[in-house]
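User: Got a few minutes to go through this one with me? I'll put it up here.
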Amino acid sequence: MSVYGLLSETAGLLAFCRTVETGSFTAAPRSNGTSPSSASKAVSRLEAVLGAKLFRRTTRTLTLTQEGEALFERVRPILNLIEQAGDVVQSNQNTSGKLRVSLPGEFGRQLLGPIFERFMAVHPGLSLQLDLTDRHADVVRDGYDAAYRVGYADQNSLVSRTLAHLDMVVVASSSFEAIRGKPATVESKRQGDPIWRC
């Protein structure tokens, strides 16, 4: 059977799973916003599409057939994931409060576009305070919720994660180089070569 044929029976799949969980066609609609007759018809239509009986029905009991058990085991986890996906979207929409973030000056300015075009569009309930500074603020003492750093984290008590690796270069104008000269090696520049001190 084509997967698209089964996907067109989402109402039947939902009614089927709710009926299994509640134990009857009468109780299932209460959690699904439908009527007992529509739930029963949706399951009957699903059975017709699958060409298999999913329930053994009597006047007093409703039990799963072997095919019904196999379908429930496979479909219920998928429906759970779909429900969780909806919860994630709703939680994003309901996120509110104040978020205080420290960003390096130049690097932070490059992030302003994505922050306001993407992040704030998804979280309109947030009040965002961005502090752009090259000073390494104390995250806890200064009351930041998060801080972005270029280089190595210097506060080992905090949880940190590498977001990206950036290639860094040392540059100088030709006029500066004419006055100060070139360092012999990159290491000599790191060690404070006197000719590069200002």
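User: Quick one to start: does Leu166 count as buried, partly exposed or exposed, and why?
Analyst: This is a predicted model, to be clear. Leu166 counts as partly exposed because its relative accessibility is 49%, and exposed would need over 50%.
User: OK, and where is Leu166 found?
Analyst: Leu166 sits in the loop between β5 (146-147) and α6 (174-180).
User: Which residues form a nonpolar patch on the surface with Leu166?
Analyst: Val150 and Met168 join Leu166 there, and together the three have about 310 Å² of accessible area.
User: Switching to Val139. Buried or exposed, and why?
Analyst: Val139 is buried, because its relative accessible area is 11% and the cut-off for buried is under 20%. Its place is in the loop between β4 (126-132) and β5.
User: How far apart are Val139 and Ser102?
Analyst: In sequence, Val139 and Ser102 are 37 residues apart; in space, they are 8.1 Å apart, C-alpha to C-alpha.
User: Now pockets. How much space lies in the second largest pocket?
Analyst: About 190 Å³. The second largest pocket is lined by 10 residues, and Leu7, Thr10, Leu13, Val75 and Ile78 are the closest to its centre.
User: Which elements give two or more residues to that lining?
Analyst: Those are α1 (3-7), α2 (10-22) and α4 (66-94). The largest share is from α4, with five residues.
User: And what's the lining of the second largest pocket like by class?
Analyst: Eight nonpolar residues, one polar and one charged.

Key:
Residues numbered from 1 in each chain as written. Predicted model: local features only at pLDDT ≥ 70, side-chain atom pairs only at ≥ 80, totals over all residues. Heavy atoms only, no water. 1 Å grid on protein atoms, 1.4 Å probe; cavity = no way out; pocket = protein on both sides within 12 Å on 5 of 7 lines; lining within 4 Å. Points joined across faces, edges and corners; volume = space filled by probe spheres on them. Helix = DSSP H or I, 4+ residues; strand = E, 2+ residues; numbered from the N terminus. Nonpolar A, V, L, I, M, F, W, Y, C, P; charged D, E, K, R; others polar. Patch = residues over 30% accessible without salt bridge, like charges linked within 9 Å, V, L, I, M, F, W, Y side chains within 5 Å. Areas by Shrake-Rupley, 256 points an atom, 1.4 Å probe, with all protein chains shown as cover. Salt bridge = Lys/Arg side-chain N within 4 Å of Asp/Glu carboxyl O. Buried < 20%, exposed > 50% of the residue type's maximum accessible area, 1.4 Å probe, protein only.
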